[in-house]
Amino acid sequence: MAWNWRSIQRVLLASPAFAVFFAGHDHMGGYSCAAARHFVTLEAMLEAPVGSNAYAIVTCRDTDIQIDGRGSVTSRTLQLPAHAKT
């Protein structure tokens, strides 16, 4: 996590165009939601069991974003805020 994450979050949340923030990698991964906007940190490949994978396929739709985790990456469905929908 960045030392100034609160300042970064404040700038992002002030933008009506902002819906999702992806970061990598924190070894254990993470998720947070603030003001119906999503902050996702993908799990590190280092944490995947030997011989497996750690990646995700992201599908963006009008109403949500689907993260299809493979290996040790968590799958999620992120609902988009109404202002972000087209």
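**Strands, edges and surface of a predicted chain**

Me: How many helices and strands does the chain have?
Reply: This is a predicted model. The chain has one helix and six strands. From the N terminus on, the elements run α-β-β-β-β-β-β. The count is one helix and six strands.

Me: What is the order of strands in the open sheet of three strands?
Reply: The pairing in this open sheet is antiparallel. From one strand to the next, the twist averages 15°. The order is β4-β5-β6.

Me: Which strands stand at the edges, each with a single partner strand?
Reply: An edge strand here has a single partner, so one side of it is left without a neighbour in the sheet. That applies to residues 54-60 and to residues 76-79. These strands are β4 and β6.

Me: Which residue stands opposite glutamine 66?
Reply: Strand β5 covers residues 64-71 and runs antiparallel to β6. Four bridges join the two. The residue opposite glutamine 66 lies in β6 and is threonine 77.

Me: What share of the residues of the chain counts as buried?
Reply: Buried means under 20% relative accessible area. The chain has 86 residues. Its C-alpha atoms fill a box of roughly 40 × 30 × 15 Å. The buried share is 26%.

Me: What part of the accessible surface belongs to carbon and sulfur atoms?
Reply: The accessible surface of the chain comes to about 5,600 Å². The part that belongs to carbon and sulfur atoms is 58%.

Me: How far apart are the mean positions of the positive and negative charges?
Reply: The chain has 7 positive and 6 negative charges. Each set is reduced to its mean position. The distance between the two is 10 Å.

Terms used:
Residues numbered from 1 in each chain as written. Predicted model: local features only at pLDDT ≥ 70, side-chain atom pairs only at ≥ 80, totals over all residues. Heavy atoms only, no water. Buried < 20%, exposed > 50% of the residue type's maximum accessible area, 1.4 Å probe, protein only. Areas by Shrake-Rupley, 256 points an atom, 1.4 Å probe, with all protein chains shown as cover. Lys, Arg positive; Asp, Glu negative; His and termini not counted. Charge placed at Lys NZ, Arg CZ, Asp CG, Glu CD. Pairing = 2+ DSSP bridges. Axes fitted to C-alpha atoms, helices over the stretch in contact; angles between N-to-C directions.
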